[in-house]
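Trainee: Before we look at anything, could you take me through how one reads contacts with a nucleic acid and then charged side chains?
Mentor: Gladly; let us open the model and go feature by feature.

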Amino acid sequence: MEGHFGFQDWWPGETAWEVVVGAILTQNTAWRNVEKAIDQMKQHGLFSPKEILEASPSKLESAVRSSGYYRQKARRLLGVAAHIRQRHRGSLSRMLHQSPAALRRELLTLPGIGPETADDILLYAAGRATFVVDAYTVRALERLGLAQSGGYEGYRRYVLSRFGRSPRRLQEFHALFVVLGKQYCKKEPRCVPCPLLDLCPTGRGSLRRGPIPEGR
DNA sequence: ACCCAGGTGGCCC
DNA sequence: GGGCCACATGGG
C-alpha cells in the first residue's frame, strides 16, 4: 500500500488531547465536519478538559454541532474530561502512561468509547502498539478475501499477528487503510477497480462489493 | 430527495 | 456471535 499510495505520515491531532477529542467527534462522521467542530471549540474557549468541565453543556453542544450526534458527543467529551479530573488528577498524560492493557480496559468503561475509539487513543495519543479497525479496514480485508468476520477483535488480531507491533508502523498502516478506503473501498455502488489487487496475497477478491470469485 | 461518513450503546434472538 | 435501531450534521 505504501508503494502505491506513498508514505502518509498522518496524524489525527496536534496534541494528545486533540487526538482524544477527534477520536470521539469522528465517530461515524466525515473528518471535515470534525475539523469545523474542533475549530469552534477552540474559538469559543471550550477545548481543554478544564474548559469543557466549566462550560455550560449547551455551549459545548453548539460548538460541536457540525460533527453530528452533537448532544451525545458533547456529553461524551464531558464524561472523559470528568474522568481525567477524578481518576488522574486532571492529567491526561498520567492516564496515558499506564500499561496499554490497563489503559484500554479503562477507556472501554467510559460511555461513548468503544473499541475503535479506544484503539485510536491508544495508538495515536499514547503511542502504544494496537491497530485501529475501522469500516474501511473491515471492507478491504473482507473484499480482498484476506479475513472474514471475527468481529472487531478478530480483525485487530489478524493485523497485529501478521504486521508486528511497532507503533509507528501501525499508525502508518491504519492511515493507509483510510486512504485506500476513501479512494477504492466506499460503500456500494461507487467502488472502482483497485490496482492494489495485484498485491493481494490471495490473488483474488475485489474491492467491489459482492461474493469473492473463485480463481482469478 | 436520497445516500453516506474513520461508531457506540441498548435490546433482541 | 449477529441484526436492528437511535443518535444528527454536512457534502455529494
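Trainee: Which atom of DNA strand C is 3.0 Å from an N or O atom in the side chain of glutamine 72?
Mentor: In this predicted model, the partner of the glutamine 72 side chain is a base oxygen of DNA strand C, at 3.0 Å. The side chain of tyrosine 69 has an N or O atom 2.5 Å from a base nitrogen of the strand, whereas for serine 149 the side-chain N or O atom lies 2.7 Å from a phosphate oxygen.

Trainee: What share of the strand atoms that come within 4 Å of the protein belongs to sugar and phosphate?
Mentor: The residues that surround DNA strand C include Asn28, Arg32, Lys36, Arg65, Tyr70 and Arg71, and sugar and phosphate account for 64% of the strand's atoms within 4 Å of the protein. By class, this surface has two nonpolar, six polar and four charged residues, and helices H3 (31–43) and H6 (70–88) each supply at least two residues to it.

Trainee: Is lysine 73 buried or exposed, and which side chain of opposite charge is nearest?
Mentor: Lysine 73, whose place is in helix H6, is buried yet has no salt bridge, the nearest side chain of opposite charge being glutamate 116, 11 Å away. A polar atom of the lysine 73 side chain does lie 2.6 Å from the backbone oxygen of leucine 25, and among the residues that lysine 73 touches are Ile24, Thr26, Gln27 and Ser67.

Trainee: How many salt bridges does a search of the whole structure find?
Mentor: The search finds eight. One of them pairs glutamate 54 with lysine 50, with the closest N and O atoms 2.9 Å apart; both residues are exposed, and both lie in helix H4 (residues 49–54), about one turn of the helix from each other.

Trainee: What does the salt bridge between aspartate 119 and arginine 156 tie together?
Mentor: Here the closest N and O atoms are 4.0 Å apart. Aspartate 119 lies in helix H9 and arginine 156 in helix H11, so the pair ties together parts that are 37 residues apart in sequence; both aspartate 119 and arginine 156 are buried.

Trainee: Which residues do salt bridges with shared partners join into one network?
Mentor: Consider first arginine 157 and glutamate 153, whose salt bridge has its closest N and O atoms 3.4 Å apart. Arginine 157 is exposed, with a relative accessible area of 58%, while glutamate 153 is partly exposed at 30%. Through shared partners, salt bridges join Arg104, Asp119, Glu153, Arg156 and Arg157 into one network.

Terms used: Residues numbered from 1 in each chain as written. Chains lettered and ligands numbered in written order. Predicted model: local features only at pLDDT ≥ 70, side-chain atom pairs only at ≥ 80, totals over all residues. Heavy atoms only, no water. Near = heavy atom within 4 Å. Polar contact = N/O pair within 3.5 Å; in protein donor to acceptor, adjacent residues only side chain to side chain. Helix = DSSP H or I, 4+ residues; strand = E, 2+ residues; numbered from the N terminus. Nonpolar A, V, L, I, M, F, W, Y, C, P; charged D, E, K, R; others polar. Buried < 20%, exposed > 50% of the residue type's maximum accessible area, 1.4 Å probe, protein only. Lys, Arg positive; Asp, Glu negative; His and termini not counted. Contact = heavy atoms within 4.5 Å. Lists of a residue's contacts leave out its neighbours within four places in sequence.
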